[in-house]
Amino acid sequence: MAVRYQIEGATAAAISGSIESGVRRGALAAGQSLPPVRELAGTLGVSAGTVASAYQALRQRGIVETAGRNGTRIRPRPPVAPTRSVRRLPVPPGVLDLSAGEPDARLLPRVPRPEPAAPHGYGDDSPIPELAELIVARLESDGVPVPALTVTGGALDGMDRLLAAHLRPGDRVGVEDPGWSSLLDLVAAQGLTPVPIPVDEQGPSPDGLVAALSAGIDALVVTARAHNPTGATVTRGRAAALRTLLRRHPDLLLIEDDHAAELSMLSLHPLAGTTGRWAFLRSVSKPYGPDLRLAALAGDEATVARVEGRMRVGGGWVSSILQRIVARLWRDEAVTAQIDRARDSYASRRAGLRSALAARGLVAAGESGLNVWLPVPDETVAVGRLRDAGYAVAPGSLFRLATPPAIRITVSPLSMKDIEPLADAMLDAVRGAAHGYRV
């Protein structure tokens with residue numbers, strides 16, 4: 001896409017600032033290509049080195065990415081807050097939104113009022129004792145050791161603090177491919193280098209991990225269950241194979257993400273404790289609601305201490321009011337039963353959609369979690385044809401680095417009666433993409 005926004009500046013800082021302003025205002029869209037270095041240098045009357053420095057600064061901040069022969073372009077989700085008018089466009093009326101990746105709001109428990117408690121002071125402990133006791137019991141029952149414990153403002157906040165506490169710009173991070181788009185954005189925003197590791201239905205590929213370790217990764221992030229976007233879960237056998245490889249790299253920072261937690265019907269096979277530096281994160285957002293920004297973080301003492309140290313120079317702690325609310329939800333047997341029903345509902349919708357697609361000759365992944373992942377010949381055509389048929393889905397480009405094209409379908413908004421018409425539309429979209437139809 002040709003750049004129509006007029007980039008300005010006589011210094012690297014001014015040029016990068018001008019481009020960032022264009023992203024913030026929506027004049028430079030996600031995926032839009034920037035002019036080649038020499039072309040922009042000629043337009044602005046500056047040296048090619050000045051423009052190259054501007055582009056490098058933008059890459060280090062995760063605003064742009066290098067796309068091989070396609071040059072430099074704006075990242076799909078750059079870490080720049082846009083003005084309110086250019087945030088995520090609403091789905092048109094009559095189009096069913098299957099792109100968001102969020103839980104079904106109808107299945108979320110009502111958030112209770114916190115029970116009365118003494119005010120939490122600056123010097124008080126976090127997590128609060130009643131929540132810490134519940135966390136330890138839950139994690140240890142799943143085989144996760146808890147030598148040290150803290151809580152963060154959600155899984156991504158925990159990853160942000162872990163990576164920032166251990167790594168520096170340019171360090172390499174092993175990430176699942178395809179993988180969680182927010183993590184890929186975070187890695188880019190911290191100036192880290194992602195090293196893709198292929199994922200199959202059993203989790204990260206051992207061969208892929210070997211290649212990543214050979215490339216010299218400094219950290220590894222693994223999704224334990226309900227992988228986003230494919231629904232993969234690390235099996236007992238895969239966990240054993242990964243542990244064998246990881247034990248040879250005791251200095252590697254290992255981060256495990258168990259974001260689905262109670263929504264997963266599959267057993268947990270943790271890697272926690274395999275390396276000398278590790279952290280296990282369990283968020284409450286997917287089962288209990290995205291507005292509950294809290295994740296339990298277990299890890300070795302030094303890693304947890306680093307996270308808490310960074311919290312002290314920032315937000316300090318996760319609100320004790322929020323912690324008491326989560327503790328109350330965990331103790332409520334009626335809420336537990338409601339989460340179990342939600343888990344079963346997601347499983348039925350995933351299985352129903354995958355079965356309907358299989359009957360049409362389409363093989364989709366989605367063993368657990370909120371999403372189904374369907375390979376397609378051309379993402380742009382498939383997404384466009386589905387939109388025209390009344391369905392908004394997420395393009396796989398948001399989640400993948402080196403793996404083939406696909407689309408992600410969130411099952412949360414689906415009813416069972418939606419499945420057959422959706423499967424028909426997806427078959428038409430895949431056929432259209434295979435024949436190169438344009439939209």
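# Exercises on salt bridges and helix packing

Asp 157 counts as partly exposed, with a relative accessibility of 21%; the cut-offs are under 20% relative accessible area for buried, over 50% for exposed and partly exposed in between, using a 1.4 Å probe and protein chains only. This is a predicted model, in which local features need pLDDT of at least 70 and side-chain atom pairs count only at pLDDT 80 or more, while totals for chains, interfaces and linings use all residues. Residues are numbered from 1 along each chain as its sequence is written, and side-chain values use heavy atoms, leaving out hydrogens and water.

**Exercise 1.** Find the salt-bridge partner of Asp 157 and work out how the two residues are placed in helix α5.

Solution, step by step:
- Start with the idea: side chains of opposite charge can pair when their charged atoms come close.
- Asp 157 forms a salt bridge with Arg 161, at 3.1 Å from N to O; the criterion is a side-chain nitrogen of Lys or Arg within 4 Å of a carboxyl oxygen of Asp or Glu.
- Both residues lie in helix α5 (residues 155-166), 4 residues apart, so about one helical turn separates them. Helices here are DSSP runs of H or I with at least four residues, strands are runs of E with at least two, and both are numbered from the N terminus.
- Finish with the environment: Arg 161 is buried, at 18% relative accessible area.

**Exercise 2.** Which parts of the chain does the salt bridge between Arg 282 and Asp 258 tie together?

Solution, step by step:
- First check the distance: the closest N and O atoms of Arg 282 and Asp 258 are 2.9 Å apart.
- Arg 282 sits in strand β10 (residues 277-283) and Asp 258 in the loop between β9 (253-257) and β10, so the pair links parts that are 24 residues apart in sequence.
- Now look at burial: Arg 282 has a relative accessible area of 9% and is buried, and Asp 258 is buried at 0%.
- For the wider picture, Glu 65, Arg 73, Arg 75 and Asp 185 are joined into one network by salt bridges that share partners. In total, the structure holds 22 salt bridges.

**Exercise 3.** Describe how helix α1 packs against helix α3.

Solution, step by step:
- Take the geometry: α1 (residues 12-25) and α3 (residues 48-60) pack at about 50 degrees, with axes 8 Å apart; axes are lines fitted to C-alpha atoms, for helices over the stretch in contact, and angles run from 0 to 180 degrees between N-to-C directions.
- This angle makes α1 oblique to α3, since under 35 degrees is roughly parallel, over 145 roughly antiparallel, 65 to 115 roughly perpendicular and the rest oblique.
- The crossing of α1 and α3 is right-handed, meaning that the near helix is turned clockwise from the far one by less than a right angle (anticlockwise would be left-handed).
- List the contact (heavy atoms within 4.5 Å): α1 gives Ala 12, Ile 15, Ser 16 and Ile 19, and α3 gives Thr 50, Val 51, Ser 53, Ala 54, Tyr 55 and Leu 58.
- Sort by class: this contact of α1 with α3 has 7 nonpolar, 3 polar and no charged residues. Nonpolar covers Ala, Val, Leu, Ile, Met, Phe, Trp, Tyr, Cys and Pro, charged covers Asp, Glu, Lys and Arg, and polar covers the others, Gly among them.
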